[in-house]
Every structure is written in C-alpha cells, then in structure tokens.
Amino acid sequence: MDGPAKISHTSALILETISQGYRYGFDIMDVTGLPSGTVYPALRRLERDGLLESKWEAEAPAQGRPARKYYRVTRLGNEVLANAVKRYPLLERLAPEAKAKGQ
Amino acid sequence: VKARLSILDQCRLLVRAASWIVPRRSRAEWRREWEAELESSWHPAQQGGKREPEGLRRRCCGAFLDAAWHRCNQGDLRRAGRHWSQTPASLLFLLSLALLLLVAASDDLRRMQAILLKPPYNDPERIATISRTGVISSAEWVIPYSWVRVWRGGEPGLEGVAAYSSKSRQVVVVAGRHRATIRSVRVEDSLFQVFGVRLWLGRTPQPGDAQTCPNCVVLSSAVWRRYFRSDPSIVRKKLTIDGQEAIVAGVLPERFWFPSSSVGVWSLADPASFSGEGVGIVARLRAGASGRSAEWSLQRDIANATGEAFWGSMLEVWPVEERIRQPLNSYFDGAGDLGADHEHGDLVGANESAPASCGRRGLPMVELSCRQMFSAPFDPARHCGGVDAGALYFSSRNEHAAGRVGIALGFFRWFDPCAVVGVC
C-alpha cells in the first residue's frame, strides 16, 4: 500500500515556501532562513522525486538581471505537502505569507 | 560599488571552483543557475539595501554542498551514509579501525607486527627449531651439541643447522656515553645464514667469522635506532658488553626476532665454544621436506650415531614462523619463548599432551591462572613448596579460548580465559 511519500520537515518547509510563491533558490533562503547548503540539495532531491519541477525564465526581465531558474510544486508535490501539513502542524505557522502577485 | 563587485567576484570564483565538483554533463546549467542567483541578488533592484557581503559569501560556500550532491550521483548522502552504517562492511571497518587504534595505543605493536607480517627472511616456512618433546624439566628440551655435529655431517633433510645458547641474559652495553641493559644471546656464526636474513647494515655473518672476529655482535634494528641513533657508520665500531670490548658486525632488519622479541644483541660464537653444552637448534629444512619426516630422519641419525635402538622420534621440528606466531609463546617474550628462563619458569610448549604425560608420572602439578602469571610469575620455589625445578605447560584450551590476536594484544591483562599448569 503506497501512500504519499513522507518528507522531512525541512523539505516540507521548502515545498510550502515555493507553494506560497517564492520560486527562486535565494528567495527561499531569504524567507526560511535556511542556508544554501541545505536549500539547494533539498530542491534537487524534491525535483528528482517529482515533487517539484524547474524551468528557466523564458527571457530576461526588464530590470537587466539575468534569467533565473524557478521552481514550481507539481501535483504530486501538492499531495505530499498536504500530507506533510498534517504531520507537521506548526509548518503553516513557520511558512511565510503568500507572496503577492507580480512581486 | 567597488566593494560590491569585489564580493561578487569572490562569489563567482567560489561558484566556479565548486562547479568542478559537478559532473560535466550538468555543470554548465548548474553554474548558470548559481550565477544568475548571484547576479540577481546583487542587482540594485533586488537589494533594497538589506544584503550583507558576508551573508552572500556564506551562501556561496553552500555551492560546494550543492555540487557534492550532484557529484554523488544525485543520491541522498545522508541516506547513503545511514544505509552504509547498517552493512556488515561498516561493522568490519569500524572493528578494524578500533583494533588498529588499540594496537597503536598499546606497546604491543612490535609483537603484532611479528605475528601478522611476513618474517624478514627467505622461505620462513622452511626455518624450524628442533627440540626434544615429552620433557619434564626445563633442562631437557635442549639438544646436546654433539647431535648438531651429527646432523651437520650429512643429514639429507636439512640445508643448514645452527646452534644458539638456550639461555639469553641481560648484558650492560656501553657505547660512548650511552649505557643500556639489553638482553643478549650467544649464537653460532652460521645462524643468520641458516635464516637467510640479509642484514640492514654490514655483511651477513658466515661460518668461520666468529674465529676471525671472536667478539663480534649483531644488533637489532630497535637497539641500533634507540641506543645508536640510527648511526649509519655503526659497523666495525667498538662498544663494551659487560666490560668486554665488542665490535658491531651489523644491524638486523626490522621485525627480525629470535629466539625472543626482547633479544637485542646477538654475540657470534665459535661452534667449538658450544661443545658439551645443551643448545637450542634452528635449521633450514630442504625444500619439500616435511617437519614430520625431518623429525624421524633426525632421530634416526642420532640412533645410528650412538648405536641405540630406534623406537621413534622424540624430536619436535617446529617452523619458526608458526612458533613466533604462536600466541602464548610470543606473549611471554623474555620468559623463554623458544628457550628457558629459570627466574620465571619455563615455557616449554603449548603441547596438549604435556600435562597428561607429566600427570602419569605422578608429578605434582599446580594450576595457575594467566592473571596470576602476570601478577606473580610462576616460581617453582614458591609454588612447588621449595622444589627448585619446574616447568610450565599451557593447557590446550588457552589457544582456542583467547585467540591469537587477543593474546597478542595483551587482553590477559583484563580477562582471564586460561590456565597454566605448572609441573613441579
């Protein structure tokens, strides 16, 4: 009987943060306070497990910065996250507020 | 702006260095992602005056962990480590590590090396000691020197044979300003040739050398290093042994020890000086000759020479390699591993039948534990009610109960798995 995969608290926090609209690696670090040596390997692992997908921005934004890679939670990722929220009741309190559209 | 660029450049360098860890196929994309994040994080529109250079530098250092994740085939390092820790290989690794640390921390490293490593001479399986079995007292395991002459005269099973004094002794060695007490043994000048050992320094002594140099000595590498500071020109130098002048003929290689690991000085002696003496024998067996056949052949030679009836062999041919590795003998070095030491009782052998044969003769026996042996070595005078003669035999279970490594490491200091039978 295979239920949704169980993930660690850190992975759940990162997943939750991305679902709130913080899609870039450094943004996730900023809002969670997690170090890069934790965030990036976790992103790779979540992507490998099919809970996240990454894409490059199609074109460089107008501010003159280079195109960045962003992450998005997959359907499976959402299921796993919902399960994780039940397992970690404090997760929603730790997770950042949803990012406003257009930010 | 300059400071910011400088931090950015440093971070770029760190990321570039880390990128070499990432497999080639994903390196370019990996680096692009990190550099894009760096550029963006320092972009004026992104900063809002909040960023700290030190924070960014720390963040860039995390690129190495990210790169390592890629290098490890995208496996979960922690999970892999946890999985490995549950495998038998990890247990073996940890046990080996603990053993190595224990050996290195103890003073038994030399003994362990001697037990586990190959002896520093040719064909060690063909080098054997010859002694008499079924002995009752310590004086009987030795061989009359006259027998050596018989065997040297043409025993087909032997390539070479040499005698050594059955009793080693402590001597005072004085070299310049240095003075040391070292255990010494008297050996025939052909002994090292029988072993086939090549000296580190000096020429391997040959038969007849003791006549041309009657006071020559050979030193162990440990003595040479410790008391002569590894002097490369030690050969032909003079020193004093118990007040007598002696000349250093050479230095033996590391790990050579015979007949005991505590012996540091070998005095070359003329064969004639052993006449009428009971001696220890070391021999090089001819290739293909078994110890068992040599025992019978050697005994037959003696029977023929003396005109006695030949009823079987009372000789024991025991490969030195095996004897060195024989745990209890090697443990009690200095107490006569292959010889005798009356102060501490005699370790005649770990012969299973020895206590029984002694018992049949109605000799009183006293059983001592190994721990007792360490606290107060077997003393016939004390343990045997004042009888000043005795021999020690190990009961056969010793070897099986403790095991070679355990004994060599000196576990007897803490555990007491065996018993020693003393025959008074």
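**Salt bridges and surface of a predicted two-chain contact**

Modeller: In this predicted model, Glu33(B) and Arg44(A) form a salt bridge, with their closest N and O atoms 2.9 Å apart. The pair crosses between chains: Glu33(B) belongs to helix H2 (residues 24–42) of chain B, and Arg44(A) to helix H3 (residues 36–48) of chain A.

Colleague: Why is the pair of Glu33(B) and Arg44(A) called a salt bridge?

Modeller: The term requires a side-chain nitrogen of Lys or Arg within 4 Å of a carboxyl oxygen of Asp or Glu. Arg44(A) and Glu33(B) approach to 2.9 Å, so the pair satisfies the criterion. Both Glu33(B) and Arg44(A) are buried.

Colleague: What makes the pair of Glu37(B) and Arg68(A) a link between chains?

Modeller: The side chains of Glu37(B) and Arg68(A) meet in a salt bridge, at 2.8 Å from N to O. Glu37(B) lies in helix H2 of chain B, whereas Arg68(A) lies in the loop between strand E1 (52–56) and strand E2 (69–73) of chain A; the pair therefore joins two chains.

Colleague: How do you know whether Glu37(B) is buried or exposed, and what of Arg68(A)?

Modeller: Buried means under 20% relative accessible area. Glu37(B) has 0% and therefore counts as buried. Arg68(A), at 3%, also counts as buried.

Colleague: Which parts of chain B does the pair of Glu188(B) and Arg152(B) tie together?

Modeller: Glu188(B) forms a salt bridge with Arg152(B), the closest N and O atoms being 2.5 Å apart. Glu188(B) is in strand E5 (residues 178–188) and Arg152(B) in helix H8 (residues 145–152), both of chain B, so the pair ties together parts that are 36 residues apart in sequence.

Colleague: Why is Arg152(B) classed as it is, buried or partly exposed?

Modeller: The partly exposed class runs between 20% and 50%. Arg152(B) has a relative accessibility of 38% and therefore counts as partly exposed. Glu188(B), by contrast, has 0% and is buried.

Colleague: What joins Arg44(A), Lys69(A), Glu29(B), Glu33(B) and Asp66(B) into one network?

Modeller: Salt bridges that share partners do so. Over all chains, the structure holds 22 salt bridges.

Colleague: What makes up the nonpolar surface patch, and what is its area?

Modeller: Trp84(B), Phe93(B), Leu94(B), Leu97(B) and Leu101(B) make a patch of about 520 Å². Members of such a patch must have over 30% relative accessible area and no salt bridge. Its largest share, 4 residues, comes from helix H6 (residues 88–105) of chain B, where Leu94(B) is found.

Colleague: How do you know whether Thr74(A) is buried or exposed?

Modeller: Thr74(A) has a relative accessible area of 15%, under the 20% limit, and is therefore buried. Its place is in the loop between E2 and helix H4 (75–87) of chain A.

Colleague: What lies around Thr74(A)?

Modeller: A polar atom of the Thr74(A) side chain lies 3.0 Å from the backbone nitrogen of Gly77(A). Beyond neighbours within four places in sequence, Thr74(A) is in contact with Gly50(A), Leu51(A), Leu52(A) and Glu53(A).

Colleague: What is the secondary structure of chain A as a whole?

Modeller: Chain A has 5 helices and 2 strands, in the sequence pattern α-α-α-β-β-α-α. Of its 103 residues, 49% are buried. Among contacts in chain A with a separation of 6 or more, 58% are between residues 24 or more positions apart.

Definitions and conventions:
Residues are numbered from 1 along each chain as its sequence is written. Chains are lettered from A and ligands numbered from 1 in the order in which they are written. This is a predicted model: local features need pLDDT of at least 70, side-chain atom pairs count only at pLDDT 80 or more; totals for chains, interfaces and linings use all residues. Side-chain values use heavy atoms; hydrogens and water are left out. Buried means under 20% relative accessible area, exposed over 50%, partly exposed in between (1.4 Å probe, protein chains only). Patches are made of residues with over 30% relative accessible area and no salt bridge: like charges are joined within 9 Å, nonpolar side chains (Val, Leu, Ile, Met, Phe, Trp, Tyr) within 5 Å. Accessible areas come from the Shrake-Rupley method with a 1.4 Å probe; for residues, only the protein chains shown count as cover. Contact means heavy atoms within 4.5 Å. A polar contact is a pair of N or O atoms within 3.5 Å; within protein, one must be able to donate a hydrogen and the other to accept it, and residues adjacent in sequence count only if both atoms are side-chain atoms.
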